[in-house]
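Colleague: Please take one close look at the helices of this model, with attention to how they bend, how they pair and how selected residues sit on them. I should like one connected account.

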Amino acid sequence: MTAVMLLLSGPISNAVMQEKSIYSLLAISPALFFVSILSAYRGYFQGMQMMGPTAITQVIEQVFKLVMGLSLAYAWLPMGVEYGAAGALVGVVISEVAALIVIMLIYGGNRKAIMSRVDPKHLTKRDLHFKFNVTKLLKIAVPVTLGACIMPIVVAIDSGVVSTNLQYIGYSAEQAASMYGTLTGVVNTLVNMPAVLSSALAMSLVPAISEA
């Protein structure tokens, strides 16, 4: 998906009539790769009801996003707003890499304890077979991933519909981008505020309910 996003960054930016957004799309593309691996580690620990690694990496993620994102945005802004936005998104990629490194170190430190909980008596040859495990994993992962994709797809469609319609009625590309930024950065943030609490509860409750 990282490769696809890199290749389609031009057509996507043209489709939403925001040609300069290509720099932001290119900047954020590598994050897809690192976030996927990071999410696998977080999900693994959450499945064992170990919420500490997720919490630690989320804090590290936010610190790096703030420090690196602001620093790069400030450094690149003189070249143009589009470069400043790309700098902020490079900061996001760096934050994901930092969080991934930390959670891999946490896993490495806990590996012996984790493996000691695995009882080989209950494992059959089929349980250790790569193809069998991948098939079993995909049966769960594909529906969950498709469900998780719905909101990002809706947001992507919104970005195109809102931006293009604003330009059709007379606003410039810069004005449309600014107004869409107000919608997503201010209005949607307030609207989605109640979901913050429910998401936090779900993250810790779902593994416990699954086990029960």
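Modeller: The account below starts with the whole chain and then follows the helices and the loop between two of them.

This is a predicted model, in which local features need pLDDT of at least 70 and side-chain atom pairs count only at pLDDT 80 or more, while totals for chains, interfaces and linings use all residues. Residues are numbered from 1 along each chain as its sequence is written, and side-chain values use heavy atoms, with hydrogens and water left out.

The chain contains seven helices and zero strands (DSSP runs numbered from the N terminus, with H or I over at least four residues for a helix and E over at least two for a strand). Read from the N terminus, the order of elements is α-α-α-α-α-α-α. Along the principal axes, the C-alpha atoms occupy a box of roughly 70 × 35 × 35 Å. The chain has 212 residues, of which 24% count as buried (buried is under 20% relative accessible area, exposed is over 50% and partly exposed lies in between, with a 1.4 Å probe and protein chains only).

Helix H1 covers residues 2-15 and packs against H2 at an angle of about 160°, the two axes being 9 Å apart (axes are lines fitted to C-alpha atoms, for helices over the stretch in contact, and angles run from 0 to 180 degrees between N-to-C directions). H1 is therefore roughly antiparallel to H2 (under 35 degrees is roughly parallel, over 145 roughly antiparallel, 65 to 115 roughly perpendicular and the rest oblique). The crossing of H1 past H2 is right-handed (the near helix is turned clockwise from the far one by less than a right angle; anticlockwise would be left-handed). Asn14 belongs to H1, and its relative accessibility of 46% makes Asn14 partly exposed. In sequence Asn14 and Gly160 are 146 residues apart, yet their C-alpha atoms are 9.7 Å apart in space.

Helix H2 takes up residues 22-47, 26 residues in total, and extends 37 Å from its first C-alpha to its last, close to the 38 Å expected at 1.5 Å a residue (the expected span is 1.5 Å times one less than the number of residues). At Phe34, H2 bends by about 25° (the bend at a residue is the angle between axes fitted to the seven residues ending there and the seven starting there). The buried residues of H2 include Leu25, Ile28, Leu38 and Phe45, and among them too are Ser24, Ser29, Arg42 and Gln46.

Beyond H2, Gln49 lies in the loop that leads to H3. Its phi is near 60°, a positive value in a residue other than glycine. Gln49 has 37% relative accessibility and so counts as partly exposed.

The next pairing is between helix H3, residues 52-76, and helix H4, residues 81-116, whose axes come within 7 Å and cross at roughly 155°. H3 and H4 are therefore roughly antiparallel to each other, and their crossing is right-handed. The contact of H3 with H4 has 19 nonpolar, six polar and three charged residues (Ala, Val, Leu, Ile, Met, Phe, Trp, Tyr, Cys and Pro are nonpolar, Asp, Glu, Lys and Arg are charged, and the others, Gly among them, are polar).

In helix H5, residues 130-168, one finds Asp158. With a relative accessible area of 37%, Asp158 is partly exposed. Asp158 and Gln58 are separated by 100 residues in sequence and by 28 Å in space, C-alpha to C-alpha.

Helix H6 spans residues 173-191 and includes Val186. The 19 residues of H6 should span 27 Å at 1.5 Å a residue, and the end C-alpha atoms are 25 Å apart, which agrees. A kink of about 25° in H6 is centred on Leu183. Val186 is partly exposed, at 48% relative accessible area. From Val186 to Gly170 the distance is 23 Å between C-alpha atoms, with their positions 16 residues apart in sequence.

Helix H7, residues 193-211, has 19 residues that should cover 27 Å at 1.5 Å a residue; the end C-alpha atoms are 29 Å apart, which agrees. H7 carries a kink of about 35° at Leu205, shortly before the proline Pro207. Ser210 also belongs to H7 and counts as exposed, at 57% relative accessibility. Ser210 and Gly108 are 102 residues apart along the chain, and their C-alpha atoms are separated by 26 Å.
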